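This report describes the fold of one protein chain, beginning with a single side chain and moving outwards to the sheet and the whole chain.

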Amino acid sequence: ARHDYEALPAAAGDRIVEGLGERIASLRGKRFDGLTVSAADDFEYHDPLSGTVAAHQGLRVAFGDDARIVLRRSGTGTQGVTLRLYLERLEARDEALQRDTTSALAALANIAEQITHIGQLSGRKSPSTIT
């Protein structure tokens, strides 16, 4: 799922991203609601054909192969700052694949708030859009 926080004041968006960026390295090994952070970084994309590197593509927090959270600043917002929060969780049980996505990712959304403080720092109780 993608949670968009649109039209945030620039100062709030910067506080959220910079705050997580300052803490990102210290998250490895920490447990949140039964999940342990296996990796946390400011990731960059390495193009295998051209050899170019696109740095600062988002702040990524991985929980082994089970789940990950990515926070990135979007360049496509029309005013203020748009932050995109990606929530991904592996579900291998066929019977669970029919669950509502918001319900299935609720625990991960709570962990994302604990890690990013996006609601607290933005003053938003929920994202502008969930897709």
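In this predicted model, leucine 108 touches Leu35, Phe63, Ala67, Arg68, Ile69, Leu87, Glu88 and Arg89, when its neighbours within four places in sequence are set aside. Leu108 also belongs to the largest nonpolar core, which has 26 residues. Leu27, Val61, Phe63, Ile69 and Ile115 are listed with Leu108 as the residues that have the most contacts inside that core. At least two core residues come from each of strand 1, helix 1 (10–23), strand 5 (53–63), strand 6, strand 7 and helix 3 (106–116).

**The sheet**

An open sheet of 6 strands, with antiparallel pairing, follows the order 4-5-6-7-1-8. Strand 4 (39–46) and strand 8 (129–130) each have a single partner strand and stand at the edges, so one side of each is left without a neighbour in the sheet. The bridge counts for three of the strand pairs are set out below.

| Strand pair | Sense | Bridges |
|---|---|---|
| Strand 4 and strand 5 | antiparallel | 7 bridges |
| Strand 6 and strand 7 | antiparallel | 8 bridges |
| Strand 1 and strand 7 | antiparallel | 5 bridges |

Individual residues fix the register of these pairs. Alanine 40 stands opposite valine 61 in strand 5, and Val61 is among the core residues with the most contacts. Arginine 68 has glutamate 88 in strand 7 as its bridge partner; both Arg68 and Glu88 are in contact with leucine 108. Histidine 3 stands opposite leucine 85, which lies in strand 7. Strand 1 covers residues 2–8 and strand 7 covers residues 81–89, while strand 6 covers residues 67–74.

Helix 1 lies across strand 1, strand 5, strand 6 and strand 7, and runs at about 40° to strand 7. Helix 1 and these four strands are also among the elements that each supply at least two residues of the core.

**The whole chain**

The protein chain has 4 helices and 8 strands, arranged from the N terminus as β-α-β-β-β-β-β-β-α-α-α-β. Among contacts with a separation of 6 or more, 56% join residues 24 or more positions apart.

The radius of gyration is 15 Å, which agrees with the value near 14 Å for a compact globule of 131 residues. The C-alpha trace spans about 40 × 40 × 30 Å along its principal axes. Of the 131 residues, 32% count as buried. The accessible surface comes to about 7800 Å², and carbon and sulfur atoms account for 49% of this surface.

Definitions and conventions. Residues are numbered from 1 along each chain as its sequence is written. This is a predicted model: local features need pLDDT of at least 70, side-chain atom pairs count only at pLDDT 80 or more; totals for chains, interfaces and linings use all residues. Side-chain values use heavy atoms; hydrogens and water are left out. Two strands pair if DSSP finds at least two bridges between them. A nonpolar core is a set of buried Ala, Val, Leu, Ile, Met, Phe, Trp, Tyr and Cys residues joined through side-chain atoms within 4.5 Å. Buried means under 20% relative accessible area, exposed over 50%, partly exposed in between (1.4 Å probe, protein chains only). Contact means heavy atoms within 4.5 Å. The radius of gyration is taken over C-alpha atoms; the globule rule is 2.2 Å times the number of residues to the power 0.38. Accessible areas come from the Shrake-Rupley method with a 1.4 Å probe; for residues, only the protein chains shown count as cover. Axes are lines fitted to C-alpha atoms, for helices over the stretch in contact, and angles run from 0 to 180 degrees between N-to-C directions.
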